[in-house]
Amino acid sequence: MIETKESSAAAFEQAAHEEVRVLHVLIEDWFNARVPATALDALLSRFGDDFSMVGIAGVRMDKATVAGFFAAMHGRRRGLRIEVDDLACTALPGGACAVRYREDQTEVQGATTRREALALLVAAPGGGLQWQALQETSVGG
């Protein structure tokens with residue numbers, strides 16, 4: 001089969017959506033301690049060295065700060081469920097893309113927080129995609 005520009009773009013979009021879903025499964029597993037604490041490096045490897053994010057608290061965090069947060073939160077949100085949907089991808093030059101998605105986090109007691117997020121994913125040196133930036137905004141349900 002000959003790959004067309006359209007099929008290549010569709011495959012890239014599918015890879016971006018899959019990366020968003022896979023990372024959130026890993027994060028849910030981390031918070032629930034379904035993975036061992038030794039899995040921290042595997043989780044952090046999904047983020048580029050220059051990764052930064054602004055979470056729903058409005059605070060900018062670099063990769064080292066995010067790493068410290070995850071290290072402290074292993075198993076600390078047991079029962080948490082994370083669902084992502086409403087994904088939309090825009091391809092950018094240089095093997096990058098912007099992915100918008102909605103994320104719901106539901107605690108074991110049933111309280112749910114919803115956020116809209118915009119992530120910048122870039123081609124990773126070893127293949128696949130890596131997170132470069134993330135902006136989250138808390139929104140109503």
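Colleague: Which residues of helix 3 are buried?

Modeller: Lys63, Val66, Ala67, Phe70 and Met73. Buried means under 20% relative accessible area with a 1.4 Å probe, protein chains only, and helix 3 is a DSSP run of H or I with at least four residues, numbered from the N terminus. Keep in mind that this is a predicted model, where local features need pLDDT of at least 70, side-chain atom pairs count only at pLDDT 80 or more, and totals for chains, interfaces and linings use all residues. Residues are numbered from 1 along each chain as its sequence is written, and side-chain values use heavy atoms, leaving out hydrogens and water.

Colleague: What puts those buried residues on the same side of helix 3?

Modeller: The arc, taken from the directions from the helix axis to the C-beta atoms. They cover only 140 degrees around the axis, so they sit on the same side of helix 3.

Colleague: Why is a set of residues called a nonpolar core?

Modeller: Because its members are buried Ala, Val, Leu, Ile, Met, Phe, Trp, Tyr and Cys residues joined through side-chain atoms within 4.5 Å. The largest one here has 31 residues, with Val20, Phe70 and Trp131 among those with the most contacts inside it. Helix 1 gives the largest share, six residues.

Colleague: Which residues is Tyr101 in contact with, leaving aside its neighbours within four places in sequence?

Modeller: Contact means heavy atoms within 4.5 Å; the partners of Tyr101 include Val20, His24, Arg115, Trp131 and Leu134.

Colleague: And what follows helix 3?

Modeller: Gly75, whose phi is positive, near 75 degrees.

Definitions and conventions:
Buried means under 20% relative accessible area, exposed over 50%, partly exposed in between (1.4 Å probe, protein chains only). Helices (H or I, at least four residues) and strands (E, at least two) are DSSP runs, numbered from the N terminus.
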